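Trainee: Could you take one part of this model and go through it with me up close? I'd like to see how it's put together, then how you'd place it in the rest of the chain.

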Amino acid sequence: MPASSAGVAAQAGRRRTFAVISHPDAGKSTMTEALALHARVIGQAGAVHGKGDRKGVVSDWMAMEQQRGISVTSAALQFEYQGIVINLLDTPGHADFSEDTYRVLTAVDSAVMLLDAAKGLEPQTLKLFEVCRQRAIPVMTFINKWDRPGNDALALMDEIEERIGLKPTPLTWPVGIAGNFHGVIDRRTGVFTRMQRSPGGADLAIEEEMSAEEAAERFGADWVTAGEELELLEMTGADHDQEAFLGAATTPVLFGAAVANLGVRQLLNLLVELAPPPSARPTATGSEQPVDGPFSGFVFKIQANMNRAHRDQVAFMRVCSGRFERGMIVTHAGTGKPFATKYAQQIFGQGRDTIDEAFPGDVVGLVNATTLGIGDTLYAGGAVQYPPLPSFPPEHFAVVRTSDTGAFKRFRRGIEQLDGEGVVQVLRSDQRGDQAPVFAAVGPMQFEVAAYRLEAEFGVKVQLDHLPYEVAARTDAAGREILKAESNVEVMTRVRDDALLAVFPHRWRMRTVAGRHPDLRLDA
Ligand code: GDP
């Protein structure tokens, strides 16, 4: 049906699906609130569709996270701005940092790297950025907290370019150092917008365009400095180039302060104007599934309820092509079996409402989808299979045992289940045997979740003994032989894909060993 396929292409074209990558405390939650607040206030003022009232969108979402007590996985927030549907996928941080955090990045079309002006690039940001780089995800940068003392703007640009090799192409440039912020100059139009926190600060910023003459008079030396910095930027060719940005070679940069909604409008406009909409997605067979093809999607996250009383499981699926309609029967690519979506859709962030339809870029929560695993493909129409989600290098390792000898069957079944869902990576160690598999994780929280679920769902109490390893690298059978002669390294088999992982206590230990055996295969 050409009409509906045109409709799907148009719907996909007005989607922007992204995640914020940042270090804890850089202001991700504040920015999430600020974006939604801005979109809502503008939506209400415009009242184009007569339904600007999306009050409570953010707070509902946060409340749900809090109700669960322990936030083990992330969700998606959806809102509209200037006719564009923005899907913001949460990347859990803090203690929740886990493989889930990385996997979210397989479901986005772009990312916003949020930096604290006083701290620049921090460890968790760098790790998340590395995943973006590997997937060639276009990255926009927002320098946050410009309302309080921080680093020099040019120094921050240098830091980005030198440490991660992305060329910063500022779209706006601040007038006034961090902590003494007057507003920004739009580098493409040259227009200066004065920005002030609204009284009380809980609302949109007060923005006013000001002539260069007036700004020069008011801001004196700060205005002159900004002008000199702009000249310098021009000389280094730091201008936005859409192709280079989409090719993940450059990063457009904005300055602001999420807490006062400063620069938030500019970020929304950047998402609308320059961030990529969903596009054709590579399949496992090497072909590409166009967005306007029949429906397809993949599961990037499974969320099991930690509450014993409601043992439901939500599979979060990103729609890749076509129109998803509530109640449609789709095919589970892994088993070829039909999968009914009848009772099964809700997007967090729009409360608990079921949704009637979704388009490429949207995230659908399939409730009680216990037969779905991480990375699974669902489709309607011609068969589609997306590549399995990558496994990310674990940094935490623990042997898991149960002293309950009668429960061994359940123990094994539980571990298989958790492995399938991607809660933890399960490794087999010849030295320890089947009775004592090893859990490997990106974040230690994954262990807690696994242990909790083994007990709650399989009735097996387990004991976890942390192993003194921090780095894993892929090796091969020859590598395993070589490493037998080395101390402080173990080779284990990842059950999911039979990959051989060499695990080391530190990076330097891995380097020493690698240096000693030039033929050794070690892919970190
Ligand atoms: P997250 O851990 O990245 O989600 O960070 P939060 O959004 O919770 O913010 C961490 C702290 O930084 C909170 O106390 C915020 O109020 C504060 N914060 C966030 N954005 C800004 C900002 O633009 N300026 C200032 N001064 N503080 C901010």
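Mentor: Sure, but let's fix one word: two strands pair if DSSP finds at least two bridges between them. This is a predicted model, so local features need pLDDT of at least 70, side-chain atom pairs count only at pLDDT 80 or more, and totals for chains, interfaces and linings use all residues. Residues are numbered from 1 along each chain as its sequence is written.

I'd pick the open sheet of 7 strands, which runs in the order β25-β22-β24-β23-β27-β28-β26 with antiparallel pairing. Its edges are β25 (463-466) and β26, each of which pairs on one side only. On average, neighbouring strands here are turned by 40° against each other, direction ignored (axes are lines fitted to C-alpha atoms, for helices over the stretch in contact, and angles run from 0 to 180 degrees between N-to-C directions).

Now zoom in on the β26 end. β26 (residues 471-475) and β28 (residues 499-504) run antiparallel and share 5 bridges. In that pairing, Thr 475 has Leu 500 of β28 as its bridge partner. On the other side, β27 (residues 490-494) also pairs with β28 in the antiparallel sense, again over 5 bridges. Leu 500 turns up there too, as the bridge partner of Thr 493. So what does Leu 500 do in the ladder? Leu 500 is bridged to Thr 475 and to Thr 493.

Is edge strand β26 mostly covered or mostly open? Mostly covered: 4 of its 5 residues are buried (buried means 20 or more other C-beta atoms within 10 Å of a residue's own, exposed 12 or fewer, partly exposed in between, with C-beta atoms placed from the backbone). For the chain as a whole, 48% of the 524 residues count as buried.

As for the rest of the chain, there are 13 helices and 28 strands (DSSP runs numbered from the N terminus: helices H or I with at least four residues, strands E with at least two). Take contacts with a separation of 6 or more: residues 24 or more positions apart account for 71% of them (a contact is two C-beta atoms, placed from the backbone, within 7 Å).

One other spot is worth a look, the loop between β3 (84-89) and α4 (99-104), where Pro 92 sits. Gly 93 belongs to that loop as well. Pro 92 counts as buried because it has 20 C-beta neighbours inside 10 Å, and Gly 93 does because it has 23. An unreviewed UniProt entry lists Asp 90, Thr 91, Pro 92, Gly 93 and His 94 under "binding site"; such annotations may be inferred rather than shown by experiment, feature names are shortened, and positions are in the numbering used here.

Beyond its neighbours within four places in sequence, Gly 93 is in contact with Pro 24, Lys 28 and Gln 124. Lys 28 leads us to the ligand: among the 16 residues surrounding it, the closest are Gly 27, Lys 28, Ser 29, Thr 30 and Ala 257 (near means the C-beta atom, placed from the backbone, lies within 6 Å). Helix α2 (residues 28-46) gives the largest share of that shell, 3 residues.

Back in β3 we find Leu 88, buried because 27 other C-beta atoms lie within 10 Å. Not counting residues up to four places away, Leu 88 touches Phe 18, Thr 32, Leu 35, Ala 76 and Leu 77.
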